[in-house]
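Please open the model in a viewer and keep the selection tool at hand. The stops below are meant to be followed in order.

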Amino acid sequence: MTNLAVIVVFSIVFGILSRFFGVGGVHSAGGINYASLAIMCGVYGMVGSMVSLFISKWMAKRSTGTVVIEAPSNATEQWLIDTVAKQARAVNIDMPEVGIFNNSQPNAFATGWNKNKALVAVSSGLLQSMTADEVEAVLAHEIGHVANGDMVTLALIQGVINAFVMFFARIIGNFVDRTVFKNEGDGPGIGYFVTSIVMDILLGFLASAIVMWFSRLREFRADEMGTKLASRDKMISALDALRPAEQRPDQMPESMKAFAIASGQSTGFSIANLFRSHPTLDDRIAALRKYNPSEA
């Protein structure tokens with residue numbers, strides 16, 4: 001949603017600059033300059049995604065209320081720090097920040113703009129409902145996301161998708177402006193700007209299916225890393241322990257669902273049901289049973 005908001009803001013700002021100040025315009029007397037439009041969409045699309053990436057850790061802390069463990073105050077916090085440190089050394093990344101957020105459901109997430117500047121956080125519900133072995137596997141899964149560079153890769157994919165969304169939104173906007181609003185002037189009319197913004201939103205939602213497809217793939221890869229850093233049995237046990245939570249409405253903020261280890265059921269009709277960020281637990285467990293670390 002942050003990414004989509006950035007795209008819309010860019011659309012409005014640069015639409016105004018183009019219309020009234022002639023800055024960054026892609027229109028001429030002959031119509032749209034497609035080369036200029038492609039360059040503009042590529043730049044602005046990636047900027048929107050990169051902004052989302054660079055503020056991801058800050059947003060994660062604010063939206064979940066995560067409290068970073070600066071100095072362990074009890075045995076559990078010390079164990080969390082020690083376990084994450086051990087796993088980080090095993091995959092050769094810098095020690096991430098480790099935090100806990102207050103949520104009754106068992107969940108965890110990893111985020112950050114750089115694998116050496118990451119944040120790994122677990123919910124209070126996870127610490128209360130899972131065994132130490134299962135929590136270890138969950139942490140290994142999240143460290144897998146960090147070590148695989150999933151946050152950066154997802155942002156790059158999102159940036160490319162942004163560029164295509166903005167490009168085709170303006171092609172459609174120009175078509176509507178010329179054919180429906182009958183604008184025959186040298187520059188774009190109101191139909192172009194309104195249609196472009198509407199299509200930015202609609203195409204952005206539709207294109208998110210591609211991003212969610214990648215998100216599901218990276219969950220399988222992170223599960224495999226959990227097997228390597230913990231064990232297959234611990235990882236499968238951790239996923240099994242998530243089953244009760246998956247039957248309840250998800251309490252994670254919308255902006256963090258794609259970064260969590262599990263996603264619960266959404267009630268009623270929602271985009272989340274059409275574009276899942278996570279495979280089902282059955283699919284994940286079945287994949288782990290077939291996975292052979294020695295062949296990876």
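The model is a predicted one. Begin by selecting strands S5 and S6, which pair in the antiparallel sense over four bridges. Within this pair, display Phe 109 and find its bridge partner in S6, Ala 121.

**The sheet**

Next, extend the selection to the open sheet of four strands, whose order is S3-S4-S6-S5 and whose pairing is mixed. S3 and S5 (108-111) are the edge strands, each pairing on one side only.

Now move from S6 (residues 119-123) to S4: the two run parallel and are joined by five bridges. Select Glu 97 and look across to S6, where Leu 119 stands opposite. On passing to S3 (residues 67-68), the direction of pairing changes to antiparallel, with two bridges joining S3 to S4. One position to display here is Val 67, whose bridge partner in S4 is Ile 100.

Why is S4 described as largely enclosed by the rest of the structure? Select residues 97-101 and show the surrounding atoms: four of the five residues of S4 are buried, so the strand is largely enclosed. While the side chains are shown, recall that in a regular strand they alternate between the two faces of the sheet.

**Helix H8 and Ser 196**

Leave the sheet and select helix H8, residues 190-229. Centre the view on Ser 196, which belongs to this helix. Is Ser 196 buried or exposed? Its relative accessible area is 2%, and because buried means under 20%, Ser 196 counts as buried.

Then display the backbone of Tyr 192: its oxygen lies 2.7 Å from a polar atom of the Ser 196 side chain. To see what Ser 196 touches beyond its neighbours within four places in sequence, add Ala 169, Arg 170 and Gly 173, with which it is in contact.

**A cavity lined in part by H8**

For the final stop, turn to enclosed space. Rolling a probe the size of a water molecule over the atoms shows where empty space is left. The model has two cavities of 30 Å³ or more, and the second largest has a volume of about 30 Å³.

To locate this second largest cavity, select its lining: Phe 220, Asp 223, Glu 224, Arg 284, Ala 287, Leu 288 and Tyr 291. H8 and helix H12 (281-290) each supply at least two residues of that lining. Colour the lining by class to find four nonpolar residues, three charged residues and no polar ones.

Note on methods. Residues are numbered from 1 along each chain as its sequence is written. This is a predicted model: local features need pLDDT of at least 70, side-chain atom pairs count only at pLDDT 80 or more; totals for chains, interfaces and linings use all residues. Side-chain values use heavy atoms; hydrogens and water are left out. Buried means under 20% relative accessible area, exposed over 50%, partly exposed in between (1.4 Å probe, protein chains only). A polar contact is a pair of N or O atoms within 3.5 Å; within protein, one must be able to donate a hydrogen and the other to accept it, and residues adjacent in sequence count only if both atoms are side-chain atoms. Contact means heavy atoms within 4.5 Å. On a 1 Å grid over the protein atoms alone, a cavity is a set of points where a 1.4 Å probe fits but cannot get out, and a pocket is an open set with protein on both sides within 12 Å along at least five of seven lines; lining residues have an atom within 4 Å of a point. Grid points are joined across faces, edges and corners, and a volume is the space filled by probe spheres set on the points. Ala, Val, Leu, Ile, Met, Phe, Trp, Tyr, Cys and Pro count as nonpolar, Asp, Glu, Lys and Arg as charged, and the others, Gly among them, as polar. Two strands pair if DSSP finds at least two bridges between them.
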